[in-house]
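Visitor: I'd like a close look at just one part of this protein, please. Pick a spot and walk me through it slowly, as I'm new to this.

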Amino acid sequence: MNTIEAMQKRHSVRHFLDKEVSQQDLMTLLEAARHSPSGSNTQPWQVAVVRGKAKQRLADAMVSAFEQGETTAPAYQYYPNPMPSPYNDRRKACGLKLYQTLNIARDDKAGQRAQWAANYRSFDAPVMLFFWMDGIMQTGSYMDMGMFMQSVMLAAVDCGLATCPQAALAQYPNVVKEHLSLPKDAIILSGMALGYEDTEAQVNQFRTERETVEYFTQFYDE
């Protein structure tokens, strides 16, 4: 598979097979991702690979925090507030289409809440990844981390694996730091579900709409 094919094939998967990911495949995709670019080769990325009983304990703790209504304290604000058009339009359309795919009605608050809670279990994927960096790192390193995560996702496609990048897993950083013994000043940017896609699951038929190249590109020739 070439890079363009991998980019087009990659999509966020929210239902996984009950099949473990081998240590060899994990090492293969991380070995590939370590070649990602970073500003002046600073390589700010740190990765926590959480599986088995450790994943179950951490997932249970995050779900509990969510269900008890604990205030989230992520290291950074992901979205502007308020969010103007067209960004908020796309965000709403994404959520609406996802719930329609899952047959969750607009007024089904319990169903919506249950689906959101599934985020904190990484949709029951066998592997939960956390991407973090040292607390002293600044905005430029966020770009480096994004490129590293993209590399992980593309390498996963090449390994026959599926992913779902999850900013939701960064919403309870204190819980994550406690369970994984991370530094108190660690910046947890995102999590990621990793496993084998259940291609028969309805939710995995969900796809988001993308703007055309002409919409977001300006060419300057003269």
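Guide: Let's look at the sheet, then at the helices lying across it, and then at some loops. One thing up front: this is a predicted model, where local features need pLDDT of at least 70, side-chain atom pairs count only at pLDDT 80 or more, and totals for chains, interfaces and linings use all residues. Residues are numbered from 1 along each chain as its sequence is written, and side-chain values use heavy atoms, with hydrogens and water left out.

The names come from DSSP runs: helices (H or I) have at least four residues, strands (E) have at least two, and both are numbered from the N terminus. Four strands make up an open sheet, in the order E1-E2-E4-E3, with antiparallel pairing. Here two strands "pair" if DSSP finds at least two bridges between them. In general, strands of a sheet pair through backbone hydrogen bonds, either parallel or antiparallel. At the edges sit E1 (46–51) and E3 (162–166), each of which pairs on one side only. Ignoring direction, neighbouring strands of this sheet are turned by 25° against each other on average; for such angles, axes are lines fitted to C-alpha atoms (for helices, over the stretch in contact), and angles run from 0 to 180 degrees between N-to-C directions.

Now zoom in on E2, residues 127–133. E2 is joined to E1 by six bridges, and the two run antiparallel. To find one of these pairings, start at glutamine 46, whose bridge partner in E2 is tryptophan 132. E2 also pairs with E4, again in the antiparallel sense, this time over seven bridges. There, phenylalanine 131 has serine 190 of E4 as its bridge partner.

How many residues of E2 are buried? Seven of its seven, so to speak the whole strand. "Buried" means under 20% relative accessible area, "exposed" is over 50%, and "partly exposed" is in between (1.4 Å probe, protein chains only). Both faces of E2 are covered: Val127, Leu129, Phe131 and Met133 are buried on one side, and Met128, Phe130 and Trp132 on the other.

Next door in E1 is valine 47. Valine 47 is partly exposed, because its relative accessible area is 29%. Not counting residues up to four places away in sequence, valine 47 touches Leu30, Leu129, Phe130, Phe131, Trp132 and Phe148; contact means heavy atoms within 4.5 Å.

Which helices lie across these strands? H3 lies across E1 and E2, running at about 70° to E2. H7 lies across E1, E2 and E4 (187–195), at about 75° to E4.

Those two helices also meet each other. Two packed helices are described by the angle between their axes and the distance between the axes. The axes of H3 (residues 52–67) and H7 (residues 173–180) come within 10 Å and cross at roughly 155°. H3 and H7 are therefore roughly antiparallel to each other; angles under 35 degrees count as roughly parallel, over 145 as roughly antiparallel, 65 to 115 as roughly perpendicular and the rest as oblique. On the H3 side, Arg57, Leu58, Ala61 and Met62 make the contact, and on the H7 side it's Val175, Val176, His179 and Leu180. Sorted by class, that contact has six nonpolar, one polar and one charged residues. Ala, Val, Leu, Ile, Met, Phe, Trp, Tyr, Cys and Pro count as nonpolar, Asp, Glu, Lys and Arg as charged, and the others, Gly among them, as polar.

Finally, the loops. Most residues other than glycine have a negative phi, and most peptide bonds are trans. Leading into E2, the loop after H5 (109–117) holds asparagine 119, which counts as buried at 10% relative accessibility. Asparagine 119 touches Gln166, Ala168 and Leu169, leaving out residues up to four places away in sequence. Aspartate 124 is in the loop between H5 and E2, and has a positive phi, near 65°. It's partly exposed, with a relative accessible area of 47%. Between H3 and H4 (87–101), the loop contains proline 82, and the peptide bond to proline 82 from asparagine 81 is cis, with omega near 5°. Proline 86 is found in the loop between H3 and H4, and a cis peptide bond joins it to serine 85, with omega about 5°.
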